[in-house]
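Thanks for coming, everyone. Please have a look at the sequence and the model on the screen, and then I'll walk you through them.

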Amino acid sequence: MAMMPKRVKYRKFHKGRIHGKATRGNTVAYGEFGLQTLEAGRITAQQIEAGRMAATHYLRREGRVFIRIFPHTSYTGKPLEVRMGKGKGEVVGWIAKVKPGTVLFEIGGVPEETAKAAFSRVAQKMPVMVRFVTRQHTV
Amino acid sequence: MSKVSVIKAEPRSKLGSHSSQKSRKNGMLPGVVYGHKKEAMAISVPAAEFLQMFRHGSHLFELQMGEQTETVLVKAVQYDYLGTNMIHVDFSRVDLTERVKVSVPVILRGTPVGTQSGGVLQQVMMDVEIECVVTDIPEQIRANVSKLGLDESLYTKDLELPAGAKLVDDPEAIVASVSEIAEAVEAAPGEEGAAEPEVISKGKEVEGEEGAEEK
């Protein structure tokens, strides 16, 4: 089932614009390998779920997949053949807003080649340009 | 074990992000030297030369600034938002006989026995903090995990530290463990989209509803 918040203060959000670069969540923290976005974008809960399924199906219970993003923001839409106006549409789904540098997924417990192959499948499901990254030792 | 690498450094007179960007464009890496109760000093080192030494495991440097020399240890490095380019480096003044606290990466070796019975090896702790003489800082600590069975863990107290090194981290902390991963339960197709998040109700909404009823 696609991810969504359990409780929210307000159901509908302004669309907003995504500015700047990721200053947090931009390093591999839980696994050994990660998938990092190179551009800003809005990733839907369905796309996150598709990515997760692509990775877990490829790994076949071999390693562990971590999802580093969460769809906190709702988006709305109007039904077909409805005139403009008459208020904001209803909530249709949930999205995660990501900035360049954000690590989207992580994998641990598998060799690098396996993680690369799994992430190449996940990358197909993402609406943003991504790259493969490995954990960096901090001094 | 660490050996002292010699690198030329220049003091930075102009501070701030703008001048730091300029010095990066000129092939220099901005940094700072502090410690030993002396004043902090802004410096810059040749980026390419420093990176080459750093990637080959050098953490102990002798900075040559004209006639002045300082023995320093790399304390912290900052990367850009993508984690590719180094943008700043912190050096801490040290004596060659001084004991320092450093974090050293833990590298796991071998395939655990537990993986044959469905377990997955997970490394929880990537770096371990140790205290040792500055010249004896190991590049990495290797740990053999081939004897780990299912639901067994490797603790920090089990790590083989080099002679003279002392563990700073909690000895009972788990470095790696082999455990079975529970399969995620996939929802039935009809269930999707049925649930909506609960809206935290506010006084305003309640008042509005009451008002509507009165009218």
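One term first: the domain bounds I use come from an automatic or database domain assignment. On that basis, chain B splits into domain 1 (5-94) and domain 2 (101-179). Taken over C-alpha atoms, the centres of domain 1 of chain B and domain 2 of chain B are 31 Å apart. Their contact, meaning heavy atoms within 4.5 Å, takes six residues from domain 1 of chain B and six residues from domain 2 of chain B.

Some ground rules. This is a predicted model, where local features need pLDDT of at least 70 and side-chain atom pairs count only at pLDDT 80 or more, while totals for chains, interfaces and linings use all residues. Residues are numbered from 1 along each chain as its sequence is written, chains are lettered from A and ligands numbered from 1 in the order in which they are written, and side-chain values use heavy atoms, with hydrogens and water left out.

Now chain A. It has two helices and eight strands. Helices (H or I, at least four residues) and strands (E, at least two) are DSSP runs, numbered from the N terminus. Along the sequence, the pattern of chain A reads β-β-β-α-β-β-β-β-α-β. Its C-alpha atoms fill a box of roughly 55 × 35 × 25 Å, taken along the principal axes. Of its 139 residues, 40% are buried. Buried means under 20% relative accessible area, exposed over 50%, partly exposed in between, with a 1.4 Å probe and protein chains only.

On to chain B. Here we have three helices and 15 strands. Buried residues make up 39% of its 215 residues.

What sits between the two domains of chain B? The largest nonpolar core does, because both domain 1 (5-94) and domain 2 (101-179) give residues to this core. A nonpolar core is a set of buried Ala, Val, Leu, Ile, Met, Phe, Trp, Tyr and Cys residues joined through side-chain atoms within 4.5 Å. This core has 26 residues, and B:Leu73, B:Leu108, B:Ile130, B:Leu154 and B:Leu159 touch the most other members. Strand 8 of chain B gives the most, with five residues. Look at B:Ile130: leaving out residues up to four places away in sequence, its contacts include B:Val102, B:Ile141 and B:Leu167. Apart from this core lies another one, of 21 residues, among them A:Ala54 and A:Val122.

Next, B:Gln123. You will find it in strand 9 (residues 120-123) of chain B. B:Gln123 counts as buried because its relative accessible area is 12%. Leaving out residues up to four places away in sequence, B:Gln123 touches partners including A:Tyr30 and A:Glu32, and also B:Leu108.

Compare B:Ser20, in helix 1 (residues 17-25) of chain B. With 10% relative accessibility, B:Ser20 is buried too. It touches B:Arg12 and B:Pro30, again not counting residues up to four places away in sequence.

Last stop: a pocket. Which residues are closest to the centre of the second largest pocket? They are A:Thr27, A:Gln136, B:Tyr79, B:Asp80 and B:Gly83, out of 26 that line it. A pocket is an open set of points on a 1 Å grid over the protein atoms alone, where a 1.4 Å probe fits, with protein on both sides within 12 Å along at least five of seven lines; lining residues have an atom within 4 Å of a point. Strand 8 (130-134) of chain A and strand 6 (68-79) of chain B each supply at least two residues of that lining.
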